[in-house]
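Here are some short exercises to work through with the structure open beside you. Try each task before you read its solution.

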Amino acid sequence: MITKAMKQGLSFVFVMAFLVGCSSTDTKTGADGSNADANGGVTTGTADGGALGSSNGMDDGMEELDKVIYFDFDQAVLLPSARSLLLAHSERLRNSGASARLEGHADERGSREYNMALGERRANAVRDFMVLQGVSRSNLEVISYGEERPLNLGSGESSWSKNRRVEIDY
Amino acid sequence: MRKLLTLLFCCLVSPAFAQLTIEITQGVDNPTRIAVVPMGWSGSTPLPEDIAQIVAADLQRSGQFDPVPRTSMLSFPSRPADVFYRDWRGINAEYLLISSIEQRNGRYFVRYDVFDVLAQRKVISAGKVDGSPEQLRDIAHHISDKVYEKITGIRGAFSTQVLYVEAFQNQGQLDNFRLMLADADGARARLLLESDQPLLSPTWSPDGREIAYVSFETTRPAIFKQNLATGQREQLTNFTGLNGAPTFSPDGNRLAMVLSKDGNPEIYTLDLRTRQFSRVTNHYAIDTEPSWTADGEGVIFTSNRGGKPQIYKVTLASGRVERLTFDGEYNARGRVSKDGKTLVMVHQRQGVFHIAAQDLATGTLRILTETNLDESPTIAPNGAMLLYATRFGGKGILAAVSLDAGTKYRLPSKQGDVREPAWSPFFN
């Protein structure tokens, strides 16, 4: 019981730290060489859909959102560059009441079952953020594929940075 | 969205599957020279397997032996009366293995003799083994086991098998996973299970009759147990979250695993007789990859409770946890040798992932491999070698290294990406 409380406390502290951290600067944008094009330089969401990232639609906020959140090696900490995209997804999920599947993944380095746990940690980080944004926890399903379903089959940082991810599917 | 699950069971040998071939990359400095003479056979057609060649390849793969090429042999005796020691001293053979085979009532009978050339005496006299036409390779491995044990004093593990997972890609996606079973030399690969969803973490029961593994066939990870003789399978877990990393206890009565049903990856044991789950660890960090200590009284596991993944041991009776690895920033997926003396693991050094061995008494850690992206070490039941997964030529392959790092070989696959080897126990 103590551990469970501790765990929830820790994830709360961690998500809060993330939210606070994001409000300052965007220094980690694209630090892993992956996410810069989707979210780089985008500030907190405003009324004009420009904050919503990579699509060309600018009108009513229903344009397609990028569905992938990237992570650093052996980390499940949300990067500041992911914040605006996560806020946009959270808003949609909150408003629509839709269910989403959060698929956590890891790159090929290290051991497979540890990566399975790491993928779950990453998906949990996305879930915890969304829950704090008002998305119903029961609408969010977390599953980890570890390193079993790479997005990019190559080896090397350019592939690995694409594979350390959570895919938001709804 | 989810592709339909396809499952295929196959208990019989499927010759259509490509074998893993052996490439020896390093042997010991002074291997024992042994002449393995072609087997005497009076049949009218050649045997489907060259048994003497399989024995020579087994012994060479161990790294302890340097088989004399047939082209150097001055004679091909198959009966002890035809052996002249000078023929073998002259080509620097230290040992000589001769054999003959005959067929009676559809069964093959082999007799073999091993000579110490320098001492001029027999060390194995009239060894006998017999088998069906499908068992010619088994006959060869049996002879290899006996010769290896006689000369090295270590029980041979040539008659053992290996489980592994082979993954195939289609248009940039891994969408075909096969759980395979092969002889320890990679031959006679056969399909146990096929799925379009990931299969991983295969492991053996200590009696070699059952296996357990993780399958995503339900679109979520679940642990399954499968009987090798009947193909009968049973789903053991169906919890929310992680259901992974199964390993049987040394007595076969329990299965250790990771479950995150309470929100966090923790180590559990499942008593296979009572079906009771017991929680072993209790920490907000990742705890995973359990495997048993040699005496079955403890479980070692990977945890990042110190910030980075390291290997810990928990004593089941007391719940006491101690950290085992301190060298480097990433040590994971530990396995303890049967004698309890050595811990092997995935170890990162300067960004490269190797297999390393740690002496549990002294704490000294040695890197065994020179390859990168190494994972899933699995120790042979005689403790001489370990198999692991690595990448070579842009593909996932299996490779082997002796625990003293003196011998190395690869088992490249002609087809898919091969990973997650699990070396069987002795079968008898």
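**Exercise 1. Decide whether B:K225 is buried or exposed, and find its surroundings.**

Solution. Keep in mind as you go that this is a predicted model.

Step 1: Count the other C-beta atoms within 10 Å of B:K225; there are 20. A residue is buried if that count is 20 or more, so B:K225 is buried.

Step 2: Place the residue in its element. B:K225 belongs to strand β13 (residues 222-227) of chain B.

Step 3: List its contacts, leaving aside neighbours within four places in sequence. They are B:E210, B:A212, B:R233, B:E234 and B:L236.

Step 4: Look further along the chain. B:I267 lies 42 residues away from B:K225 in sequence, and the two C-alpha atoms are 18 Å apart.

**Exercise 2. Describe how helices α3 and α4 of chain A pack.**

Solution. Two packed helices are described by the angle between their axes and the distance between the axes.

Step 1: Find both values. Helix α3 (residues 83-96) and helix α4 (residues 112-132) of chain A pack at an angle of about 60°, and their axes are 9 Å apart.

Step 2: Name the arrangement. Because of that angle, α3(A) is oblique to α4(A).

Step 3: Give the handedness: the crossing of α3(A) and α4(A) is right-handed.

Step 4: Identify the residues in contact. α3(A) contributes A:L86, A:S90 and A:L93, while α4(A) contributes A:V126, A:F129 and A:M130. Sorted by class, this contact has five nonpolar residues, one polar and no charged ones.

**Exercise 3. Work out the strand order of the open four-stranded sheet in chain B, and find its edges.**

Solution.

Step 1: Read off the order, which is β23-β24-β25-β26 (chain B), with antiparallel pairing.

Step 2: Look for strands that pair on one side only. These edge strands are β23 and β26 (365-367) of chain B.

Step 3: Check the twist. On average, neighbouring strands of this sheet are turned by 30° against each other, direction ignored.

Step 4: Zoom in on one pair. Strands β24 (residues 342-349) and β25 (residues 352-359) of chain B run antiparallel and are joined by eight bridges. Within β25(B), B:A356 is the bridge partner of B:M345.

**Exercise 4. Find how many residues of chain B touch chain A, and which classes they fall into.**

Solution.

Step 1: Count both sides: 35 residues of chain B are in contact with 24 residues of chain A.

Step 2: Sort the chain B side by class. It has 15 nonpolar, 13 polar and seven charged residues.

Methods: Residues are numbered from 1 along each chain as its sequence is written. Chains are lettered from A and ligands numbered from 1 in the order in which they are written. This is a predicted model: local features need pLDDT of at least 70, side-chain atom pairs count only at pLDDT 80 or more; totals for chains, interfaces and linings use all residues. Axes are lines fitted to C-alpha atoms, for helices over the stretch in contact, and angles run from 0 to 180 degrees between N-to-C directions. Helices (H or I, at least four residues) and strands (E, at least two) are DSSP runs, numbered from the N terminus. Angles under 35 degrees count as roughly parallel, over 145 as roughly antiparallel, 65 to 115 as roughly perpendicular and the rest as oblique. A crossing is left-handed if the near helix is turned anticlockwise from the far one by less than a right angle, and right-handed if clockwise. Two residues are in contact if their C-beta atoms, placed from the backbone, lie within 7 Å. Ala, Val, Leu, Ile, Met, Phe, Trp, Tyr, Cys and Pro count as nonpolar, Asp, Glu, Lys and Arg as charged, and the others, Gly among them, as polar. Two strands pair if DSSP finds at least two bridges between them. A residue is buried if 20 or more other C-beta atoms lie within 10 Å of its own, exposed if 12 or fewer, and partly exposed in between; C-beta atoms are placed from the backbone.
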